[in-house]
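This report looks at how helices pack in one protein chain and at a few residues with unusual backbone geometry. Please keep the sequence and the model in view while reading.

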Amino acid sequence: MVKVGRAGMADLDTAWEREGLLEQFSRMSAAPDEDGRRTEESSSPLNADSGGVGLLYLSDEVLLGILELLDPVSLLRLGRTCWALFRVCSCDSLWVRHFQGSFGVGLPNGTASSTVLAKTAFRLVFMWRTLFRNIHCNRSLQEKLFAEVPFPPRVYWSQWLVLEECVPLPSALLLCSDVEKLWGIPRELFREKLEDKSEECETLKFEWRELYKLALSHHGSAAMVFKHVLTQHQDSDHSELESMYHQYMQCRFQWLFTYWLFRQPAPFNRQLRAIFLQWRKHSKKKVAMWGETLCDVRYLASLHPITTDYWRGHLARGDENVGIHTVENYFSMCKSLVAWILGRDWGKLKRRKVYKDTLEGVYMLLKREMKETLVAHKRFWQVAKVQMSRVCALEETAANYVNWKMIETLPYYKLYLVSGSAVYLEHVKGFLRRKRMVHNWIFLEENAWLRQLLPDELYTLLEYDTKIAQDTLHGSSLSTQLSRLIWLYLHSGQQLYLETVKSMVLQCAHAHLSYLTASTLSQSIFEAPVA
């Protein structure tokens with residue numbers, strides 16, 4: 001094990017900032033670039049170019065007053081700009097305050113001045129607490145802590161467990177000397193346990209909560225317990241902790257999502273699977289592996305836009321725990337929505353479409369909010385009810401499922417879902433009115449001959465119930481050309497396109513009539529008797 005004294009703690013700061021406090025810190029170094037001194041002296045806008053006015057010309061006392069307003073992330077970023085600011089941003093008084101704010105425990109004066117740098121103390125406890133808080137989904141840490149049961153973990157990890165009141169481990173068999181060293185508890189405090197044992201033995205069985213209370217009673221406060229642990233760790237090699245933390249920061253979204261998806265209690269795991277896949281197109285082959293070792297969890301996350309965002313770390317500003325709570329609240333809303341829809345006397349297609357469009361509207365409306373903060377179930381459900389009413393209004397406007405599927409491709413469709421503005425609904429109605437006008441024209445009595453002569457592929461395009469998909473608008477065939485003209489008219493409402501549609505239909509009808517006439521004439525010539 002590498003021994004590191006107080007002088008070496010500054011080097012640990014450098015390693016820490018390379019590893020990172022949060023995910024974005026992993027790409028930061030502790031100190032500025034090698035040419036930072038040159039940059040500071042020559043090209044910094046805070047130096048000579050500003051005529052002696054800037055951060056670097058302020059006294060350390062004034063700078064510290066300003067830097068107290070920064071959070072740990074901003075403090076690290078500012079410290080990376082140049083050597084002068086790195087020195088001030090590493091001041092113990094700043095990190096003692098952050099230690100108190102993050103962990104609810106104040107560092108004793110002796111800790112920051114004589115034993116462990118406050119910045120180093122913050123780094124170590126932050127990494128440990130981040131890993132320990134998410135032990136339920138961290139297989140690597142579980143193996144470290146449970147490997148020696150019923151004996152405690154290795155000394156290094158046992159030292160960190162001293163800080164925790166609730167430890168998810170069974171009672172541990174500990175040597176009295178280890179209790180005295182690791183927890184700093186004198187033998188007098190557990191002498192009764194020793195007297196209760198019938199044989200001479202230095203091994204006692206302790207509950208972890210019992211050890212924490214004994215340590216708290218002996219040291220006098222949680223702050224002194226922290227000081228005791230950090231003092232023990234000042235000569236430890238923390239590379240294993242740093243490596244596990246770095247691994248967790250890279251995989252935390254995948255780990256927490258997998259745990260949430262597959263480790264629900266028995267009554268809820270089947271419900272979650274049903275809601276997760278409800279009216280959702282998916283590969284039955286991949287879903288059949290649900291919860292197994294070879295399950296494609298990335299594929300399952302891709303089935304919903306919100307889980308895709310979480311997988312990529314886009315929810316709640318990258319906070320994995322807040323983000324997974326937002327995901328949980330979203331699917332709780334989905335459960336309520338499914339129950340409401342199934343209670344309506346609707347057909348299968350309408351149920352699926354209302355559900356799909358409602359969720360799409362909810363996601364579009366709350367996407368920005370989900371990226372910033374936690375979204376509660378109540379908030380999701382309020383938005384879902386509004387979206388359902390708008391989707392139902394669009395369904396009534398469409399009059400049938402085919403037109404409903406066609407108008408969903410309109411930009412006005414999604415704009416109405418998001419805004420609820422009647423202006424966009426009128427645009428949708430105008431689109432359908434123009435489609436009805438094309439239908440009514442071809443069904444005029446005077447155009448009966450057109451209906452008889454037109455090929456089926458062209459005649460079908462003019463009917464009201466025919467869906468014109470966007471992928472059918474490319475090509476050079478007659479049906480593709482007619483589809484493009486109809487599509488342009490439906491979207492723009494310009495009469496010129498309607499007249500062009502009519503002209504093209506007439507040309508096709510005349511061309512087909514000429515073809516039929518020529519075919520009939522040639523057939524009659526061949527069938528005429530020879531004189």
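In which helix is Val428 found? Val428 lies in helix α25, and the sections below start from the model as a whole before returning to that helix.

## The model and its overall make-up

The model is a predicted one, in which local features need pLDDT of at least 70 and side-chain atom pairs count only at pLDDT 80 or more, while totals for chains, interfaces and linings use all residues. Residues are numbered from 1 along each chain as its sequence is written, and side-chain values use heavy atoms, with hydrogens and water left out.

The protein contains 29 helices and two strands, where helices (H or I, at least four residues) and strands (E, at least two) are DSSP runs numbered from the N terminus. Of its 531 residues, 44% count as buried; buried means under 20% relative accessible area, exposed over 50%, and partly exposed in between, with a 1.4 Å probe and protein chains only. Among contacts with a separation of 6 or more, 64% are between residues 24 or more positions apart, contact being defined as heavy atoms within 4.5 Å.

## Helix α25 and its surroundings

Helix α25 (residues 422-442) has 21 residues and reaches 31 Å from its first C-alpha to its last, close to the 30 Å expected at 1.5 Å a residue; the expected span is 1.5 Å times one less than the number of residues. Its buried residues include Leu425, Val428, Phe431, Leu432, Lys435 and Trp441.

Val428 has a relative accessible area of 0% and is therefore buried. Leaving aside neighbours within four places in sequence, Val428 is in contact with Leu394, Thr397, Ile407, Tyr412 and Tyr413; of these, Tyr413 is 15 residues away in sequence and 6.9 Å away in space, C-alpha to C-alpha. Asn403, in helix α23 (residues 401-407), also counts as buried, because its relative accessibility is 0%. Outside its neighbours within four places in sequence, Asn403 is in contact with Ala398, Leu432, Lys435, Tyr464 and Asp465.

## The packing of α25 with α28

Two packed helices are described by the angle between their axes and the distance between the axes. For α25 and helix α28 (residues 478-492), the angle is about 135° and the axes are 8 Å apart; axes are lines fitted to C-alpha atoms, for helices over the stretch in contact, and angles run from 0 to 180 degrees between N-to-C directions. The two helices are therefore oblique to each other, given that angles under 35 degrees count as roughly parallel, over 145 as roughly antiparallel, 65 to 115 as roughly perpendicular and the rest as oblique. Their crossing is right-handed, a crossing being left-handed if the near helix is turned anticlockwise from the far one by less than a right angle, and right-handed if clockwise. On the α25 side the contact is made by Phe431, Arg434, Lys435, Met437 and Val438, and on the α28 side by Trp487, Tyr489, Leu490 and His491. By class, these residues divide into six nonpolar, one polar and two charged, where Ala, Val, Leu, Ile, Met, Phe, Trp, Tyr, Cys and Pro count as nonpolar, Asp, Glu, Lys and Arg as charged, and the others, Gly among them, as polar.

Helix α28 has 15 residues and reaches 21 Å between its first and last C-alpha, close to the 21 Å expected at 1.5 Å a residue. Trp487, Tyr489 and Leu490 are among the buried residues of α28, and the helix is followed by Gly493, whose phi is positive, near 75°.

## The packing of α21 with α22

Helix α21 (residues 348-372) and helix α22 (residues 377-398) have axes that come within 8 Å and cross at roughly 130°, so this pair is oblique, and the crossing is right-handed. The contact includes Val354, Leu365 and Met370 in α21, which meet residues of α22 including Phe380, Val383 and Met388. This contact has 10 nonpolar, three polar and six charged residues.

## Backbone features in loops

Most residues other than glycine have a negative phi, and most peptide bonds are trans. In the loop between α19 (305-311) and α20 (320-342), Ala316 has a positive phi near 50°, and Arg317 has a positive phi near 55°. Ala316 is buried because its relative accessible area is 7%, whereas Arg317, at 69%, is exposed. The peptide bond from Val149 to Pro150 is cis, with omega near 10°, and Pro150 is found in the loop between α9 (139-146) and α10.
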